[in-house]
Amino acid sequence: MTRDGAPGGAGPVGGALPAARTRPLPAGAARLGPAGVLGRWQERNAAATLPHCLTALETSGALDNLRRLLDPADPERHDGPYRGFNFADSDVHKTLEAVAWESARAGAPRHEEEVRRVVDLLRRAQAPSGYLDSHVLGAPAGSGGAPSAAPYADLRWGHELYVLGHLVQAGIARARATGQDDLLDVAMAWADDVVSRLADGEELVCGHPEVESAFVELYRETGDPAYREAARRMLDLRGHGRLGSGPFEPAYHQDATPVRAADEVAGHAVRQLYLLAGVVDLYLETGEDALLAAAARQWDDAHGRRTYVTGGMGSRHKDESFGDPYELPPDRAYAESCAGVASVLWDWRMLLATGEARYADSLEHALLNVVAAATSTDGTAFFYSNPLQVRTGHDGTDEYQASGRRGWFACACCPPNLARLVASLHTMVATRDAEDGALAVHLYGDADLDVAPEAGLGAGEGVRVQVRTGYPWDGDVHLTADEPSPVPLALRLPGWADPARTRLEVDGETVDAATALDARGYLRVGAGARRVRLSLPMEPRALAAHPHVDAARGCVALARGPVVHCLEQVDHPGVVLEDVTLDLAAGLEVGPPDDALGVGATLLGAGRATPSAGLALYRTVDGDAASDDARGTVELQVRAVPYAVWGNRGEGPMRVWVPAAASARPGDRGRSGR
């Protein structure tokens, strides 16, 4: 974007990205249609979630906290107590960002009158220095927690730079979407103060990473290298214990290991994931190999040893952390919704940096499972944590409503975070290869792609491509160009799809998928194609966990395509869900759609329930306990629904990992364990 008030056309990650292997399309170049899963999600977000978030900014006190900073003579001034957590301002900023990306998607400003009022409020509340944190500037002692004595006096817990990061991203989004610089001007006034302090030698490093990505993006937006160097400085300051410890250790704040030396993910999951997104953002601008190498090592650790089968991250409630390797208890999963969002943001940047399909696989997997599950089917209620099991008799009092969504939270980070991600989903559908200009399609859904000519990539003309598919319920993906494509095409082959059982047709001719598969996991189609059909194998699969995931021993998780399923009590009346076992030998079938849940398929299998009522908590068994397990066994049909829609038919027991009555090793079909 230029600073002349004209929209720049970029999405959340914009600019030249000199170190990228594949680059985003302009924000308006991809449009998701309402007939597809992703497009319907965006429509629901626009119609229900965004208005809900805007209303909650008033009812939660987030806007009143800012009004407390106004001049006493200002008629809008609020004199009540500070409400919420000390980072409540970030709820405002994330909501403004979400509205901006929805405006870009819709092609016209949305909620403009409300946005202008909030931007004007921020401008009037801002200190002369540019500083703008309502908790530090206006919270009296004893209201909402003791405030800092002065700005940046409590970097460990203050969240000030985290709040600034979200303000910067909101300002950039509004400028790119609408051409309005009003919010960006507010954000830059504060950002410039921080840049100046860093340049003067102040060691400003936030206990909650996020500002690092924002400052890199501000560099992309303005071209001013001071912002990029400020991000580098903050990353360099990390990992040396500057933030201190207590009640949690430095790893919680991402301050235990220098960024370039880290081999494992650790500490608070959201903070770790936001930090890694910032690390890759800086790599995309500088090409510093040590940054990408560290991010890749940690990605391998996170996805190889510490990620739930639903894509959720974070095993512990106490410190919202990753936990030990393979510590993935389903009923105690924290898997915060914000961690799901942050993992998508990290995956997206890793995909841009490398062009490798495994990062798009992970992005899609988290998106269609843990992230999708976080919002109710009506778009107005949310999960904070995302467990993989809710037990019979659950008392409903555990941390963060494990069995029921809520409309808002005292710590309301998740709802507006989900809203801003969903509003920008279309920007992740496809990219252009930095070397040969190939149009790479990463997310399959009904979409229209308008690929403009790009200098230096051998594409003298643009091309329009329609993508039509019932994915993820149907494995057929059809791409139709309005004329022979002047650029090659690259279609992601998901890691769960066996190339030998994948069908690829180009202009009516069958192409061997294994031969067309490149080293990065994409099926390559040369320039000149007009019609491409990709048919992916969509048989149901039973997944087993690594043996060290003790809580899932003897169990399987059911999946079809990228979608993980679960069992809910409501589909199995008359039995206790924990008594149900699945008979893998009987096979799995694709069940009918469920219009009430908005899913295009369910899964059906054979199972049995053996009543456990009356058994002692612990009992002696011999070498053959089968007779003990046969008491009163009943046969039943097991119905599994996508995890993304669980909990929408009332609260009750649910489980992803199901005991298997017949042992079977899941086949190694495809290139991924999921």
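**Exercise 1. Strand pairing around E13**

In which sense, parallel or antiparallel, do strand E8 (residues 476–481) and strand E13 (residues 531–535) pair, and over how many bridges?

Solution. The model examined here is a predicted one. Begin with the two strands named in the task: E8 and E13 pair in the antiparallel sense, and the pairing runs over five bridges. Next, locate one pair of facing residues, which is Val477 standing opposite Leu534 in E13. Then turn to strand E10 (residues 503–506), which is joined to E13 by four bridges and also runs antiparallel to it. In this second pairing, Glu505 stands opposite Arg533 in E13.

**Exercise 2. The chain as a whole**

Work out whether the radius of gyration of the protein chain agrees with that of a compact globule, and describe the chain's extent and burial.

Solution. First, take the number of residues, 674, for which a compact globule would have a radius of gyration near 26 Å; the protein chain has 25 Å, and therefore the two agree. Second, consider the principal axes, along which the C-alpha trace spans about 80 × 65 × 45 Å. Third, look at burial: 60% of the 674 residues are buried, while the chain exposes about 24100 Å², of which carbon and sulfur atoms supply 51%. Fourth, among contacts between residues at least 6 apart in sequence, 70% join residues at least 24 apart. Finally, the secondary structure of the chain comes to 16 helices and 22 strands.

**Exercise 3. Where to read with caution**

Find the stretches where pLDDT is under 50, and set them beside the mean for the chain.

Solution. The mean pLDDT of the protein chain is 92, and 92% of its residues reach 70 or more. Against that background, residues 1–8 stay under 50, although the model gives them 21 contacts beyond four places in sequence. A further stretch, residues 141–148, has pLDDT below 50 and makes 16 contacts in the model beyond near neighbours in sequence. Where pLDDT is low, the predicted coordinates should not be read in detail.

**Exercise 4. Helices H10 and H11**

Compare the expected and modelled spans of H10 and H11, and then state what surrounds them.

Solution. For H10, at 1.5 Å a residue, the 18 residues should span 26 Å, and the end C-alpha atoms are 26 Å apart, so expectation and model agree. Of these 18 residues, 17 are buried, and H10 is therefore largely enclosed by the rest of the structure. Just after H10 comes Gly287, which takes a positive phi of about 70°.

For H11 (residues 289–305), the 17 residues should span 24 Å by the same rule, and the end C-alpha atoms are 24 Å apart, which agrees. The buried residues of H11 include Leu291, Leu292, Trp299 and His303. The buried residues of this helix pack against H10 (269–286), H12 (337–354) and H13 (357–373).

**Exercise 5. Less usual backbone angles**

Which peptide bonds ending at Pro247 and Pro472 are cis or trans, and what are the phi values of His111 and Glu320?

Solution. As a starting point, most residues other than glycine have a negative phi, and most peptide bonds are trans. The bond joining Gly246 and Pro247 is cis, with omega about -5°, and Pro247 is found in the loop between helix H9 (225–237) and H10. The bond from Tyr471 to Pro472 is likewise cis, with omega near 10°, and Pro472 lies in the loop between strand E7 (463–469) and E8.

Turning to phi, His111 has a positive value near 50° and sits in the loop between helix H3 (89–106) and helix H4 (112–125); at 26% relative accessibility, His111 counts as partly exposed. Glu320 has a positive phi of about 55° and is found in the loop between H11 and H12; its relative accessible area is 15%, so Glu320 is buried.

**Exercise 6. The surroundings of Arg560**

Decide whether Arg560 is buried or exposed, and name some of the residues it touches.

Solution. Arg560 has its place in strand E15 (residues 555–560). Its relative accessibility is 10%, and because buried means under 20%, Arg560 counts as buried. Not counting residues up to four places away in sequence, Arg560 touches several residues, among them Pro472, Trp473, Glu539 and His565. Pro472 is thus both a contact of Arg560 and the proline that follows Tyr471 in a cis peptide bond.

Technical notes
Residues numbered from 1 in each chain as written. Predicted model: local features only at pLDDT ≥ 70, side-chain atom pairs only at ≥ 80, totals over all residues. Heavy atoms only, no water. Expected span 1.5 Å × (residues − 1). Buried < 20%, exposed > 50% of the residue type's maximum accessible area, 1.4 Å probe, protein only. Contact = heavy atoms within 4.5 Å. pLDDT = per-residue confidence, 0-100. Pairing = 2+ DSSP bridges. Rg over C-alpha atoms; globule rule 2.2 N^0.38 Å. Areas by Shrake-Rupley, 256 points an atom, 1.4 Å probe, with all protein chains shown as cover.
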